[in-house]
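This report walks through one protein model for a reader who has not met it before. Please keep the sequence and the view of the model at hand while reading.

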Amino acid sequence: LLVLLIGLPVAGIAMYALIQASSSDPDPGKVARTEVHKTVVKTATSKIPPGKPKARVTVDSSPRGARALIDNIPIGNTPAAADVAVGHHQIAVELPGYRRVARPLEVRDAKPITVPVRLEKDPAAPHPTKTKAP
């Protein structure tokens, strides 16, 4: 009887802790972002014909976190990367409050390429209004 009185609550607490530890993720958003990034890269890569040489293109921006597109295909928020076939492409980077940047990119071989983009504030973009405390 004593073993049941002490052992049953201890076993219950241990089971609860085990279930919580196996089902919790320290950063559930990280898993979602990783899965989305893998899907985006897979989508961008799937446009490359089989057997055609490709290069890993990384688009980075200042400020970071801008939406990057290659040939009008979103590849993620900067810094973002995708495998791109050798040839001529168009890169675009956009971020609310900043001017959209679009430029051509020529991929000549399979060497990795990093494209830095400096975004300029858009003077026509609405600015948040400051409110004074009463």
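A polar contact is a pair of N or O atoms within 3.5 Å, and within protein one of the two must be able to donate a hydrogen and the other to accept it. The model discussed here is a predicted one, and the sections below take up its confidence, its strands, two loop residues and its salt bridges.

## Confidence in the model

The protein chain has an average pLDDT of 77, and 66% of the residues score at least 70. Within the protein chain, the highest confidence belongs to β2, at a mean of 95, while the lowest is found in helix α2 (residues 28-46), at a mean of 48.

Over residues 31-39 the pLDDT stays under 50, and for this stretch the model has four contacts beyond four places in sequence.

## The open sheet

Which strands make up the open sheet, and in what order do they lie? The sheet has four strands in the order β3-β2-β5-β6, and their pairing is antiparallel. Its edges are formed by β3 (73-77) and β6, each of which pairs on one side only. From one strand to the next, the twist averages 25°.

Strand β2 (residues 67-70) is joined to β3 by four bridges, and the two pair in the antiparallel sense. One position can be followed across this pairing, since Leu69 has Pro74 in β3 as its bridge partner.

## Strand β1 and its partners

Strand β1 (residues 54-62) pairs with strand β4 (residues 80-85) over six bridges in the antiparallel sense. Here Val59 has Ala80, in β4, as its bridge partner.

Strand β1 is also joined to β7 by six bridges, but in this case the two strands run parallel. In this setting Ser61 stands opposite Val117 in β7.

## Thr78, in the loop between β3 and β4

Is Thr78, which is found in the loop between β3 and β4, buried or exposed? Its relative accessible area is 5%, and because buried means under 20% relative accessible area, Thr78 counts as buried. Leaving aside neighbours within four places in sequence, Thr78 is in contact with residues including Val59, Asp60, Pro63, Arg64 and Ala68.

Two polar approaches involve the side chain of Thr78. With the side chain of Ser61 it makes a polar contact at 2.6 Å, and a polar atom of the Thr78 side chain lies 3.0 Å from the backbone nitrogen of Gly65. Both Ser61 and Gly65 also appear among the residues that Thr78 is in contact with.

## Asp71, in the loop between β2 and β3

Asp71 is found in the loop between β2 and β3, and with a relative accessible area of 34% this residue is partly exposed. Not counting residues up to four places away in sequence, Asp71 touches His89 and Gln90. The C-alpha atoms of Asp71 and Ile91 are separated by 6.3 Å, although these two residues are 20 residues apart along the chain.

## Salt bridges

Side chains of opposite charge can pair when their charged atoms come close. How many salt bridges does the structure hold? The structure holds six salt bridges, and three of them are described here. In one of them, the side chains of Arg64 and Asp60 meet at 2.7 Å, taken from N to O. The two partners differ in their surroundings, as Arg64 counts as exposed at 56% relative accessibility, whereas Asp60 is buried, with a relative accessible area of 18%.

In another salt bridge, the side chains of Glu94 and Arg100 meet at 2.8 Å, N to O. Glu94 counts as partly exposed at 22% relative accessibility, and Arg100 likewise counts as partly exposed, at 47%. A further salt bridge brings together the side chains of Glu120 and Arg99, at 3.7 Å from N to O. This pair links distant parts of the chain, with Glu120 in the segment after β7 (113-118) and Arg99 in the loop between β5 (87-94) and β6 (101-107), 21 residues apart. Arg99 is partly exposed, with a relative accessible area of 41%. Finally, salt bridges that share partners join Arg67, Glu94 and Arg100 into one network.

Key. Residues are numbered from 1 along each chain as its sequence is written. This is a predicted model: local features need pLDDT of at least 70, side-chain atom pairs count only at pLDDT 80 or more; totals for chains, interfaces and linings use all residues. Side-chain values use heavy atoms; hydrogens and water are left out. A salt bridge is a side-chain nitrogen of Lys or Arg within 4 Å of a carboxyl oxygen of Asp or Glu. Buried means under 20% relative accessible area, exposed over 50%, partly exposed in between (1.4 Å probe, protein chains only). Two strands pair if DSSP finds at least two bridges between them. Axes are lines fitted to C-alpha atoms, for helices over the stretch in contact, and angles run from 0 to 180 degrees between N-to-C directions. Contact means heavy atoms within 4.5 Å. pLDDT is the predictor's confidence in each residue, from 0 to 100.
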